[in-house]
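Colleague: I would like to learn how to read a model of this kind, feature by feature. Could we take it one topic at a time?

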Amino acid sequence: MSGERILVADDSREVRDFLADYILRPAGYSVTIAEDGLAALKLAREQHPDLIIADFQMPGLTGLQLKKALAADGNSIPLILMTAEGSEQIITESVIAGVVRYLPKPVDGDVMLAAVEQALEAQRARRQHAIVEKRVQDLETLQKIGRALTTSLD
């Protein structure tokens, strides 16, 4: 693990503590805690975590509303949604909103850790792809400048 930052948002202290102290921190992640959806939105905007794990049903904003608010800001932080109230409607809305994983509560520690690792690996791949694309654009620009200089010298 590279010490990636994870924001855990859940109104249940037991769930927050379990995820932070028994799953995420022992695996090498830096963890920030939010007790409700509005606090999570504020922290996500200020701290730009690498991943958010949020409960579906929280005071202020639901986990799904949190994802939608961040997306409206142009923020693509991946979000894993947990819920004890599973339904096809919530799953459908989650997929449409861009939630990377949907996990039923109670969450198994190994399943959560695997979901976190998969989400972060996909995020790393997206970042690497963006870096490569930028380098290709820079090289194409340099090539065009070189051609223009060569043409003007001829």
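**Salt bridges, sheet and cores**

Modeller: Asp21 and Arg25 form a salt bridge, with the closest N and O atoms 2.7 Å apart. This is a predicted model, in which local features need pLDDT of at least 70 and side-chain atom pairs count only at pLDDT 80 or more, while totals for chains, interfaces and linings use all residues. Residues are numbered from 1 along each chain as its sequence is written, and side-chain values use heavy atoms, with hydrogens and water left out.

Colleague: What counts as a salt bridge?

Modeller: Side chains of opposite charge can pair when their charged atoms come close. The criterion is a side-chain nitrogen of Lys or Arg within 4 Å of a carboxyl oxygen of Asp or Glu. A search of the whole structure finds 7 salt bridges.

Colleague: Are Asp21 and Arg25 buried, partly exposed or exposed?

Modeller: Buried means under 20% relative accessible area, exposed means over 50%, and partly exposed is in between (1.4 Å probe, protein chains only). Asp21, at 37%, is partly exposed, and Arg25, at 38%, is partly exposed too.

Colleague: Which salt bridge ties together parts that are 50 residues apart in sequence?

Modeller: For the elements, helices (H or I, at least four residues) and strands (E, at least two) are DSSP runs, numbered from the N terminus. The side chains of Asp55 and Lys105 meet in a salt bridge at 3.2 Å, N to O. Asp55 lies in strand S3 and Lys105 in the loop between S5 and H5, so this pair joins parts 50 residues apart in sequence. Asp55 is buried, at 6% relative accessibility, whereas Lys105 is partly exposed, at 23%. Asp10 belongs with Asp55 and Lys105 to a network of salt bridges.

Colleague: What is the order of the strands in the sheet?

Modeller: Two strands pair if DSSP finds at least two bridges between them. Here 5 strands form an open sheet in the order S2-S1-S3-S4-S5, with parallel pairing. Strands S2 (30-34) and S5 (101-104) are the edges, each pairing on one side only. Between S3 (residues 51-55) and S4 (residues 79-83) there are 4 bridges, and Ile52 has Leu79 as its bridge partner in S4.

Colleague: Which strands does helix H1 touch?

Modeller: Contact means heavy atoms within 4.5 Å. Helix H1 (residues 13-24) packs on the sheet and touches S1 (5-9), S2, S3 and S4. Helix H2 (residues 37-47) also packs on the sheet, touching S1, S2 and S3.

Colleague: How many residues does the largest nonpolar core have?

Modeller: A nonpolar core is a set of buried Ala, Val, Leu, Ile, Met, Phe, Trp, Tyr and Cys residues joined through side-chain atoms within 4.5 Å. The largest has 22 residues, and Leu7, Ile52, Ala54, Leu66 and Leu79 have the most contacts inside it. Another core, of 20 residues, lies apart from it and includes Val8, Leu24, Ala115 and Ala119.

Colleague: Where should I look for backbone exceptions?

Modeller: Most residues other than glycine have a negative phi, and most peptide bonds are trans. His48 has a positive phi of about 50° although it is not a glycine, and its place is the loop between H2 and S3. The peptide bond from Lys105 to Pro106 is cis, with omega near 0°. Pro106 sits in the loop between S5 and helix H5 (109-153).

Terms used. Axes fitted to C-alpha atoms, helices over the stretch in contact; angles between N-to-C directions.
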